[in-house]
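Me: Could you take me through one part of this model closely, and then show me how the rest is arranged around it? I would like one connected account rather than a list.

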Amino acid sequence: VQLQASGGGLVQAGGSLRLSCVTSGGRYGSYITGWVRQVPGKEREFVAAISWSGGNTYYGDSVKGRFIVSRDNAKNRMDLQMNSLKAEDTAVYYCVAKYGPLNGDLHYNWWGQGTLVTVSS
């Protein structure tokens with residue numbers, strides 16, 4: 001499975017940004033997909049995940065209520081709408097996919113290349 005993330009950039013605190021992830025290969029509909037972020041020099045942090053049907057989602061505590069994950073299986077695409085952005089949301093955001101339960105772990109089978117989000121305060 002290949003994952004291609006896009007949509008990163010520079011945004012002011014309080015603003016919004018939308019990330020997208022397009023997948024190819026494999027049986028997309030079988031996978032949990034999600035987002036994990038990492039600040040250089042720090043540990044990876046779970047952000048959000050969504051079930052293959054799109055009917056169930058799971059969020060990290062730091063983004064709950066501000067970020068919304070969605071997916072469109074017909075387009076092999078997953079989005080992350082990020083609202084009320086804070087300086088501490090600055091990170092490289094990775095699109096990820098796995099078989100397994102919908103939860104906040106980082107045990108993903110496939111990782112995209114990452115897209116940088118910078119929030120200026």
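**From one valine to the sheet and the cores**

Reply: Happy to. Let us start at Val-11, which is found in strand β2, residues 9-12. Please keep in mind throughout that this is a predicted model. Is Val-11 buried or exposed? Its relative accessibility is 12%, below the 20% limit, so Val-11 counts as buried. Setting aside neighbours within four places in sequence, Val-11 is in contact with Ser-16, Leu-85, Thr-118, Val-119 and Ser-120. A useful reference point is Val-47: 36 residues separate Val-11 from Val-47 in sequence, and their C-alpha atoms are 18 Å apart in space.

Val-47 leads us to the core. The largest nonpolar core has 25 residues, and Val-47 is among those with the most contacts inside it, along with Trp-35, Phe-67, Val-69, Leu-80, Met-82 and Tyr-93. At least two residues of this core come from each of β1, β3, β5 (45-50), β7, β8, β9 and β11 (115-120). The strand that gives the most is β9, with four residues. Beside this there is a second, separate core of eight residues, which includes Ala-49, Val-92, Tyr-94 and Val-96.

Strand β7, residues 67-72, deserves a slower look. Which of its side chains are buried? The side chains alternate along the strand: Phe-67, Val-69 and Arg-71 point to one face and are buried, whereas Ile-68, Ser-70 and Asp-72 point to the other face and are not. Phe-67 and Val-69 from the buried face are the two we have just met among the residues with the most contacts in the largest core. Val-69 has a long list of partners beyond its neighbours within four places in sequence: it is in contact with Trp-35, Ala-48, Ala-49, Ile-50, Thr-57, Tyr-59, Met-78, Asp-79 and Leu-80. Of these, Leu-80 also stands opposite Val-69, in β8.

That takes us across to β8, residues 77-82, which pairs with β7 in the antiparallel sense over six bridges. The two strands form a hairpin with four residues between them. In the loop between β7 and β8 lies Asn-76, whose phi is near 50°, a positive value in a residue other than glycine. Most residues other than glycine have a negative phi. Asn-76 has a relative accessibility of 28%, so it counts as partly exposed. Ser-84 makes a nice companion case: it lies in the loop between β8 and β9 (91-98), and its phi is likewise near 50°. At 41% relative accessibility, Ser-84 counts as partly exposed.

Now widen the view to the sheet. What is the order of its strands? This open sheet of four strands runs β1-β3-β8-β7, with antiparallel pairing. The edge strands are β1 (2-6) and β7, each of which pairs on one side only. On average, and ignoring direction, neighbouring strands of the sheet are turned by 15° against each other. At the β1 end, β1 pairs with β3 (residues 17-24) in the antiparallel sense over five bridges. Within that pairing, Gln-4 stands opposite Val-22 in β3.

Finally, the charged side chains. How many salt bridges are there? The count comes to seven. In one of them, Arg-66 and Asp-89 meet with 2.8 Å from N to O. This pair links distant parts of the chain, with Arg-66 in the loop between β6 (57-59) and β7, and Asp-89 in the loop between β8 and β9, 23 residues apart. Both Arg-66 and Asp-89 are buried, and they belong to a network of salt bridges that also takes in Arg-37 and Glu-45. Asp-61 and Lys-64 offer a contrast in setting: their closest N and O atoms are 3.1 Å apart, and both residues are exposed. Another salt bridge joins Asp-105 to Lys-98, with the closest N and O atoms 2.9 Å apart. Here Lys-98 has just 1% relative accessibility, so it counts as buried.

Note on methods: Residues numbered from 1 in each chain as written. Predicted model: local features only at pLDDT ≥ 70, side-chain atom pairs only at ≥ 80, totals over all residues. Heavy atoms only, no water. Buried < 20%, exposed > 50% of the residue type's maximum accessible area, 1.4 Å probe, protein only. Pairing = 2+ DSSP bridges. Axes fitted to C-alpha atoms, helices over the stretch in contact; angles between N-to-C directions. Salt bridge = Lys/Arg side-chain N within 4 Å of Asp/Glu carboxyl O. Core = buried A, V, L, I, M, F, W, Y, C linked by side-chain atoms within 4.5 Å. Contact = heavy atoms within 4.5 Å.
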